[in-house]
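This report introduces a protein chain to a reader who has not met it before. Please look over the sequence and the structure before reading on.

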Amino acid sequence: MAARALVPFVLVTQVPSIVVTLLQELPPEPGPRFQHNHIHGTLLQVLFLLRSFQTDSHRPLPAGNGIGEALSQRMWLSSRQNGCVVTRGAFLDVLVCLCEPKISLLKESEVSELRQKALSVLMASDLVISDASSTALGPGSTQYLLSLARVALSASVEIPELWRAPHLTTQLLSCLLQFSQYEVRELALQGILRSLQEEEEEEEKNRRHQWLDETTLSNLTSLALHEPHPQCLAKVLQVLCVLSSSGELLWRDGPKILSQEQVLLHLLSLAQTSVHSVELHCAALTLVSQLVVQLVNSDPKGASAMSCLAQWGALVCSCCSEEQPVEVKLMAANVLVNCTDALLTSPHLPLDMAGVSVCPPVAVDSGVGLLCRLFELWGQAPAGVLALAEWLLGEEDGNVDEAAADEAPTLVDEDEFLFEKGDLNLWAEPVQWVKLLHNNLSSLILTFKQTQRPGATGLDQTQLHSLLTQAQAKALSSQQALDSLPPLPQFSCSVEHTRLTLRHLRATLTLGVLERLR
């Protein structure tokens, strides 16, 4: 707390000199009767000042600030020469902060030298040379080991190209994933998951190959089969979900290679018995569902004969029930959306999903998404785009809507329909349908444009022009009708205002979609 409190009182321009002054107060070599509380406090002040500088400043420290030299002279504080594991860990945290690539606080040569010295400390530490003494390091040992793990993660997963130690990557990851303390395994899995997710977002596939080799993948799959700690198990399953999304995984348990059916049975059992942990339950079922889709796509006949698929279907159904936590129901909805097209377009349906109960918006979204997928599979994307655009536009004129609006008052018969929702409440459902349809249609148009050959239209230009004319007329007429309503129409004539707003929304969205096709 005291270290954090110092930060607001230090100007950015004063950070270099204050950091150097604080580092110079630390002992340059081992000796008796050190006050480790003072050392720890000093290191925390340095750490928080550096982090604040990284966050608030957009310029490097001036050359020759002396920070790199002061740290190099006190590297013994991070090694076994220092008997206090708390100050060892704090010194390592300072090193990791300075070795990050976001904002360089030192010259590149100084950072490179610090990384090499940090690697030497790491390779001689309790994380890599693990023995019985590592479990008896005393108070603060967990924080120290986590500090070591952060160095190892930075060197092996996060920025391995800057640490220039590719020969150590597999060894470091094996040490992290197989370490006896679950906190170290959990931190390592969190770092791996974060890195994979960032790579997915940025589409940086090359970096993954630098650290994801056969040994690391084998360690991950073995961990998924034997990890005793629920939080670590959930994290490793989430990691495998990301890896599995880009292709089938080879599941190893030590020297033994497992079949897909063995893996499915194990994960199904795990999903069924992990309802006490929402995170673990969701991770297990998501991974099982990915494996089911891969199995159906690669071997539909073999999949149809597997009894475990019926268990999977029943488990998905149970996750859709009303009493389930929100996170579980969202996960089940996501599973259904991602799996439905693969299962229903397979010539050998492995199971009947008719009993699955989901909320109407999810069912509609899944159904329209499946229809779009079928248009793509059948090579009918152009016709599908125009058909869905016609759905989005709705009726060619307002006769049907107006007739329904005129008839609605006659439906209410005093006491018999005392609790009738009325017209106004029912307009929310068409709005939701229109937005779901628009989202799926936009995705289909994007796919159509990406797969369209240069110079080819593929669209019925006559139908496209007709739809454009209708949409323009409908947008104009509905806007004119809205403008002619009395003041505060949402209160004075709510039903008519809502009906015209919906009509105008349909026409406007359709125009936007059709303009993208021109």
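## One helix and its surroundings

In this predicted model, the buried residues of α14 are V263, L264, L267, L268, L270 and A271. Seen down the axis of α14, these buried residues fall within an arc of 160 degrees, so they line one face of the helix. They pack against three other helices, namely α13 (230-244), α15 and α17 (308-319).

The length of α14 can be checked as well. At 1.5 Å a residue, its 14 residues should span 20 Å, and the end C-alpha atoms are 20 Å apart, which agrees.

The helix α17, one of the packing partners of α14, can be described in like manner. Its buried residues are C308, L309, W312, G313, L315, V316 and C319. Viewed along the axis of α17, they lie within an arc of 165 degrees, so they too line one face of the helix. For the twelve residues of α17, a rise of 1.5 Å a residue gives an expected span of 16 Å; the end C-alpha atoms are 17 Å apart, which agrees.

Between α14 (260-273) and α15 (278-298) runs a loop that holds S274. Is S274 buried or exposed? Its relative accessible area is 1%, which is under the 20% limit, so S274 is buried. Leaving aside residues up to four places away in sequence, S274 touches L280 and H281.

## The chain as a whole

The secondary structure of the chain comes to 26 helices and two strands. The chain has 518 residues, and buried residues make up 47% of them. Its exposed surface is about 26,000 Å², of which carbon and sulfur atoms supply 55%. Among contacts in the chain with a separation of 6 or more, 73% are between residues 24 or more positions apart.

The count of disulfides comes to zero. In general terms, a disulfide is a covalent bond between the sulfur atoms of two cysteines. Two of the cysteines, C175 and C372, appear in the table below, together with the two tryptophans discussed after it.

| Residue | Relative accessibility | Class |
|---|---|---|
| C175 | 16% | buried |
| C372 | 5% | buried |
| W391 | 44% | partly exposed |
| W433 | 25% | partly exposed |

## An aromatic pair and a buried leucine

How many aromatic pairs does a search of the whole structure find? The search finds one. The rings of W391 and W433 have their centres 6.3 Å apart and their planes at 45 degrees; this angle lies between the limits of 30 and 60 degrees, so the pair is tilted. The pair links distant parts of the chain, with W391 in helix α20 (residues 381-393) and W433 in helix α23 (residues 428-451), 42 residues apart.

Helix α23 is also the place of L441. With a relative accessible area of 0%, L441 is buried. Not counting residues up to four places away in sequence, L441 touches V385, L388, A389, L392 and V513. In addition, L441 and L386 are 55 residues apart in sequence, while their C-alpha atoms are 9.4 Å apart in space.

Notes. Residues numbered from 1 in each chain as written. Predicted model: local features only at pLDDT ≥ 70, side-chain atom pairs only at ≥ 80, totals over all residues. Heavy atoms only, no water. Helix = DSSP H or I, 4+ residues; strand = E, 2+ residues; numbered from the N terminus. Buried < 20%, exposed > 50% of the residue type's maximum accessible area, 1.4 Å probe, protein only. Contact = heavy atoms within 4.5 Å. Areas by Shrake-Rupley, 256 points an atom, 1.4 Å probe, with all protein chains shown as cover. Disulfide = S-S within 2.5 Å. Expected span 1.5 Å × (residues − 1). Arc of directions from axis to C-beta. Phe/Tyr/Trp six-rings, centres within 6.5 Å; stacked < 30°, edge-to-face > 60°.
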